[in-house]
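Let's take a walk through this protein together, going from the overall layout to a few residues worth a look. Keep the viewer open as you read.

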Amino acid sequence: MENEGLGMRTSLIDDTIPSLLALTSRFCKCFCSLFLSLLLLGIVLFVLFLSLRPHRPRFHLLSFSIPSLSLQQQPQLLSISFSISDRNPNRNIGVYYDAMRASIFYRDRLVGKPAMLLHPFYQPPKNTTVINGTVESGPEGVVVNEYVWPVVGFRLELTSTIRFRLSTWDTHHHSMHVGCDVMVGSDGVVLPASKEKRCSIYFS
């Protein structure tokens, strides 16, 4: 009898172990499938995030000149002309600009009044727009005799409000501030070190 009972217990154990192993194997397969599915979903969402995340426009100084700097006497009108490239690096996202204004500073002092550069416009993806502008200052502006030769430093600032557009979806408005540090020689022309220089940009 004891031998028969022992045989039955041994047989029961032998039947239980394969069942447990099969259950464990199915659990591992389900866990691995769930993990791989979540990992694949995470990768897809990350790629979508990178493709839909707007990149900031890129501004570069192309030219900057002040012909009046070459004069020995104080001119009645200080005319500053400049050119900047505005690059939208996004592949599928356009940029809407409100009116854009330019201000020029010398030693943190405003030179003339802020100038209107552009009326509201739309910039398509992968597009470069060249912005030309002129700022004029009368006798009340910065005195030319104050400039330190042979190199004069200015700061050109652009302000606008922008929003990004993807298909029919628009983001909220962002106040954009662009700053370009410019070094000008005694002839009133921008130095080579400042040309093609990338301007700083931040939003508020």
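A good place to begin is Leu36, which sits in helix 1, the element spanning residues 2-52. Before you zoom in, please keep in mind that this is a predicted model. Is Leu36 buried or exposed? With 54% relative accessibility, Leu36 counts as exposed, because the cut-off for that label is over 50%. Leu36 also has nonpolar company: together with Phe31, Phe35, Leu39 and Ile43, Leu36 makes up a nonpolar patch on the surface. The accessible area of these five residues together is about 520 Å².

Now step back to the whole chain. How many helices and strands does the protein have? There is 1 helix, and there are 11 strands. Following the sequence from its start, you meet them in the order α-β-β-β-β-β-β-β-β-β-β-β. Of the 204 residues in the protein, 31% count as buried.

Strand 6 is a handy stop for looking at buried residues. This strand covers residues 121-123, and Phe121 is found in it. Phe121 has a relative accessible area of 18% and is therefore buried, since the cut-off is under 20%. If you look for what lies across from Phe121, try Tyr97: the two are 24 residues apart in sequence, yet their C-alpha atoms are 5.4 Å apart in space.

Gln123 belongs to strand 6 as well. Is Gln123 buried or exposed? Its relative accessible area is 1%, so Gln123 is buried. What does the side chain of this polar residue reach? One partner is the backbone oxygen of Asn127, at 3.3 Å from the side chain of Gln123. Another is Thr129, whose side chain makes a polar contact with the side chain of Gln123 at 3.2 Å.

Next, let's turn to charged pairs. The count of salt bridges comes to 2. In one of them, the side chains of Arg155 and Glu157 meet, with 3.1 Å from N to O. Arg155 also forms a salt bridge with Asp181, and here the closest N and O atoms are 2.7 Å apart. Why does the pair of Arg155 and Asp181 tie together parts that are apart in sequence? Arg155 lies in strand 8 (residues 152-166) while Asp181 lies in strand 10, so the pair links parts that are 26 residues apart in sequence. Through shared partners, the salt bridges join Arg155, Glu157 and Asp181 into one network.

How open to the surface is this network? Arg155 counts as partly exposed, at 27% relative accessibility. Glu157 is partly exposed too, with a relative accessible area of 27%. Asp181, with 43%, is likewise partly exposed.

Our last stop is another charged spot. Which residues gather in a patch of positive charge on the surface? They are Arg58, Arg91, Lys126 and Arg198. To find Arg198, look in the loop that runs between strand 10 (174-184) and strand 11 (200-203). Arg198 has 52% relative accessibility, so it counts as exposed.

Technical notes
Residues are numbered from 1 along each chain as its sequence is written. This is a predicted model: local features need pLDDT of at least 70, side-chain atom pairs count only at pLDDT 80 or more; totals for chains, interfaces and linings use all residues. Side-chain values use heavy atoms; hydrogens and water are left out. Patches are made of residues with over 30% relative accessible area and no salt bridge: like charges are joined within 9 Å, nonpolar side chains (Val, Leu, Ile, Met, Phe, Trp, Tyr) within 5 Å. Accessible areas come from the Shrake-Rupley method with a 1.4 Å probe; for residues, only the protein chains shown count as cover. A salt bridge is a side-chain nitrogen of Lys or Arg within 4 Å of a carboxyl oxygen of Asp or Glu. Lys and Arg count as positive and Asp and Glu as negative; His and the chain ends are not counted. The place of a charge is taken as NZ of Lys, CZ of Arg, CG of Asp or CD of Glu. Helices (H or I, at least four residues) and strands (E, at least two) are DSSP runs, numbered from the N terminus. Buried means under 20% relative accessible area, exposed over 50%, partly exposed in between (1.4 Å probe, protein chains only). A polar contact is a pair of N or O atoms within 3.5 Å; within protein, one must be able to donate a hydrogen and the other to accept it, and residues adjacent in sequence count only if both atoms are side-chain atoms.
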